[in-house]
Structures are given as structure tokens and as C-alpha cells.
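This briefing goes through one protein chain for a reader at the bench. Please keep the sequence and the structure in view while reading.

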Amino acid sequence: MSNGSELKQLELNGQLTTLNFKSYNFLIYPQIVKDKLYFIEAKSDQDILISALDSLSTPIKIVNSNTIDKEAALSPDEKLIAYMSMKNGLPQLFIKHIETEEEQLLFVNTEQEYALSKPIWDPSGTLIASSINNKPFLIKLEEDQFAIEWLNGIIGYPIGWYKQSDAILFVDKNTHNDEIVKFDLVTDEIVSLKTQLKDKDIFLNDNDELLSFSIGQVITASGINLFDNTHFISSIYPIKNGFYFQYKENDSRTMNFYDYELGVQNLSIDFEKFCADLCSQITAISGNTILLKEQTDTADILVLNITLNK
């Protein structure tokens with residue numbers, strides 16, 4: 001048997017033992033043939049790349065290990081990237097300075113748990129919210145130091161910060177129906193927003209009003225579709241005053257920007273060319289910075305000699 005990273009042997013008498021083989025990769029489809037165990041070791045290498053909106057230069061790798069680096073989030077001043085990495089064999093949160101390339105481990109994950117959520121920056125750029133196995137925490141950044149504070153008043157994971165109040169947008173896992181709630185950091189009050197996640201992307205506009213993205217549409221809290229459905233939107237990238245949205249036109253990927261005050265704003269012809277080649281890799285756009293991903297997947301068949309108890 002495999003739990004993903006370890007191989008276990010179950011005897012007919014119920015005895016369970018862990019085999020002497022450890023891997024940071026995924027171990028799947030184990031099969032015993034005589035005294036040998038055959039299985040597949042699946043490897044994934046995902047890196048984080050960066051480019052600039054004004055120059056649209058060829059993206060360069062800003063985070064590059066031999067395993068999964070993902071969920072990159074850019075600080076409001078565009079100087080830092082917070083991200084999750086498996087480089088030490090389990091999910092941890094790191095922060096990297098874009099200009100100096102200095103890196104710091106923020107969340108060690110001493111309990112070796114696996115469900116680590118995406119880091120979410122607060123508007124000031126001094127706090128990061130995340131969660132591990134639905135246990136949320138804040139990382140308080142101060143110059144070269146940081147501190148972790150656990151949020152014991154809620155079970156779930158954060159998906160956004162309010163801009164006009166000291167609160168976080170959460171998916172509440174305590175209700176077992178992924179209810180979207182507002183969590184007040186001062187009072188620990190949880191306010192239901194009368195909606196559930198249900199395969200949607202939920203985010204806040206510039207007035208802290210709820211928007212949802214699902215099945216190619218962006219819908220306001222009052223049920224209004226922001227678009228006329230001329231194009232089927234495939235992904236969105238929210239920022240403070242609007243969001244970038246990606247869609248296909250004439251079988252080619254392209255992107256525009258929706259301004260909360262001005263509506264749809266067309267991007268440059270140069271960006272259309274950039275998008276045609278790289279839109280499928282874009283993970284976030286903020287200010288002048290574009291974050292992208294690059295991923296390669298491989299799989300090997302391995303064999304392990306084992307001793308069968310008779």
C-alpha cells in the first residue's frame with residue numbers, strides 16, 4: 001500500500017509495517033511479484049517565473065528547485081514573493097526578495113502536515129495569512145524578523161483580505177459546506193456572507209463587496225453578471241481596482257482588464273502577443289509584475305526487494 005510518500009506492507013494477520021524506502025515524490029500503484037515490489041514514482045517540478053507588464057520581457061525563473069514551488073503571491077509593493085515549496089520534503093512557506101533574491105523560511109511546518117493553503121498578503125504588506133489543515137495563522141513581518149500567530153477563533157482557510165476593515169475573507173470548514181464568511185481580527189466575530197464556495201472563485205472588489213467567478217462568468221453579490229457573455233472567461237487575476245481576465249478569441253488566448261469604475265479596458269497589442277505564448281502559465285498580475293509557472297512531470301517504474309513473511 002502507499003500513502004503517497006511511503007510504502008507499507010499489510011500482513012494477513014493484520015500487522016502493518018513501513019518499508020525502508022523514503023521519497024519526496026508520489027509513490028503509486030504498488031504491486032508485489034514474488035519477492036519484489038514494483039511501483040511508480042511520479043515526479044513533478046514546478047517553478048515560479050517573473051516578467052514585467054511594461055516590458056513584457058521573456059520570463060525568468062525567480063524560484064527554482066527540483067520539486068514543487070507554487071502558490072506565489074506578490075506583496076503590495078511588488079518587492080517580495082511569498083510561496084509554498086516542497087523543497088524540504090513537506091509543504092512550507094517561504095518569502096523571497098525579488099531584487100536581492102534573498103530567501104527566508106517563514107513557516108517550518110513542524111507537525112509535518114500537508115494541507116497548506118496559499119499565502120494571502122494584507123493591504124499593508126506586513127501580514128500574511130495562511131492555514132495548515134484548516135488551522136489558520138498570521139505571519140507578522142517586521143524588517144528582518146517575523147512572528148506566527150495562530151487564529152484559534154475559526155476553522156478554515158483564508159482567501160482574501162478586506163481593504164476597509166481589519167478582517168479576512170475565509171472559507172469556513174467548520175460548517176462542512178464551505179460557507180464563505182468574514183472573520184473580524186479584533187473581535188473574532190464570524191459573519192456569514194450567505195454563499196458557499198461550490199467550485200467558485202470568490203474575491204472582493206475595491207469596496208469590499210463579494211464577487212464570484214464560475215463557469216465563465218463574474219457575478220456580483222446581487223446576482224449581476226459583469227459581462228455580456230460574448231466571451232467565455234477561463235481565469236481571472238484580481239487586483240485592488242479591478243481584475244485581469246483571460247479568454248479565447250479566434251482560438252487564441254488573450255487577456256483584458258476590468259476596471260471597477262471604467263469597465264473593460266483593452267490591453268496593448270504587445271501584450272496580446274505575449275499572452276498568446278504565455279497566458280496559460282500566468283498565475284498572478286499585480287502592478288507591473290507578472291508571475292508565471294513552469295511545470296514538468298515525469299514518472300519512473302521502480303523495483304524494491306522485500307522479504308515476505310511465511
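**Briefing on the chain**

Phe146 is found in strand β12, which covers residues 145-150. The model is predicted. The points below start from Phe146, then take up the chain as a whole, its salt bridges and a charged surface patch.

**Phe146 and its surroundings**

- Phe146 has a relative accessible area of 31%, so this residue counts as partly exposed.
- Leaving aside residues up to four places away in sequence, Phe146 touches Gln104, Leu105 and Leu106, and also Ile139, Lys140 and Leu141.
- Ile40 is 106 residues from Phe146 along the chain, and the C-alpha atoms of the two are separated by 40 Å.

**The chain as a whole**

- The chain contains one helix and 25 strands.
- Its C-alpha trace spans about 75 × 50 × 40 Å along the principal axes.
- The chain has 310 residues, of which 44% count as buried.
- About 17,300 Å² of the chain is exposed, and 47% of that area is supplied by carbon and sulfur atoms.
- If contacts between residues at least 6 apart in sequence are taken, 35% of them join residues at least 24 apart.
- The side chains include 25 positive and 45 negative ones, and the centres of these two sets lie 8 Å apart.

**Salt bridges**

- Side chains of opposite charge can pair when their charged atoms come close.
- With a cut-off of 4 Å between a side-chain nitrogen of Lys or Arg and a carboxyl oxygen of Asp or Glu, the count comes to six salt bridges.
- One of them joins Asp47 and Lys61, whose closest N and O atoms are 3.2 Å apart. Asp47 lies in strand β3 (residues 36-52) and Lys61 in strand β4 (residues 60-63), so this pair ties together parts that are 14 residues apart in sequence.
- The two partners differ in cover: Asp47 counts as buried because its relative accessibility is 2%, whereas Lys61 is partly exposed at 38%.
- A salt bridge also forms between the side chains of Lys87 and Glu103, at 3.2 Å from N to O. This pair links distant parts of the chain, 16 residues apart: Lys87 is in the loop between β6 (80-85) and β7, and Glu103 is in strand β8.
- Lys87 has a relative accessible area of 26% and is partly exposed; Glu103, at 38%, also counts as partly exposed.
- In the salt bridge of Glu113 with Lys135, the closest N and O atoms are 2.8 Å apart. Here too distant parts of the chain are linked, 22 residues apart: Glu113 sits in the loop between β8 and β9 (120-121), and Lys135 in strand β11 (residues 135-142).
- Glu113 is buried, with a relative accessible area of 15%, while Lys135 is partly exposed at 36%.
- Asp47, Lys61 and Glu294 are joined into one network by salt bridges that share partners.

**A negative surface patch**

- Which residues form the negative surface patch? They are Glu102, Glu142, Glu143 and Asp144.
- Glu102 is placed in the loop between β7 (92-97) and β8 (103-107).
- Is Glu102 buried or exposed? Glu102 counts as exposed because its relative accessibility is 57%, and the cut-off for exposed is over 50%.

Technical notes:
Residues are numbered from 1 along each chain as its sequence is written. This is a predicted model: local features need pLDDT of at least 70, side-chain atom pairs count only at pLDDT 80 or more; totals for chains, interfaces and linings use all residues. Side-chain values use heavy atoms; hydrogens and water are left out. Patches are made of residues with over 30% relative accessible area and no salt bridge: like charges are joined within 9 Å, nonpolar side chains (Val, Leu, Ile, Met, Phe, Trp, Tyr) within 5 Å. Accessible areas come from the Shrake-Rupley method with a 1.4 Å probe; for residues, only the protein chains shown count as cover. Lys and Arg count as positive and Asp and Glu as negative; His and the chain ends are not counted. The place of a charge is taken as NZ of Lys, CZ of Arg, CG of Asp or CD of Glu. Helices (H or I, at least four residues) and strands (E, at least two) are DSSP runs, numbered from the N terminus. Buried means under 20% relative accessible area, exposed over 50%, partly exposed in between (1.4 Å probe, protein chains only). Contact means heavy atoms within 4.5 Å.
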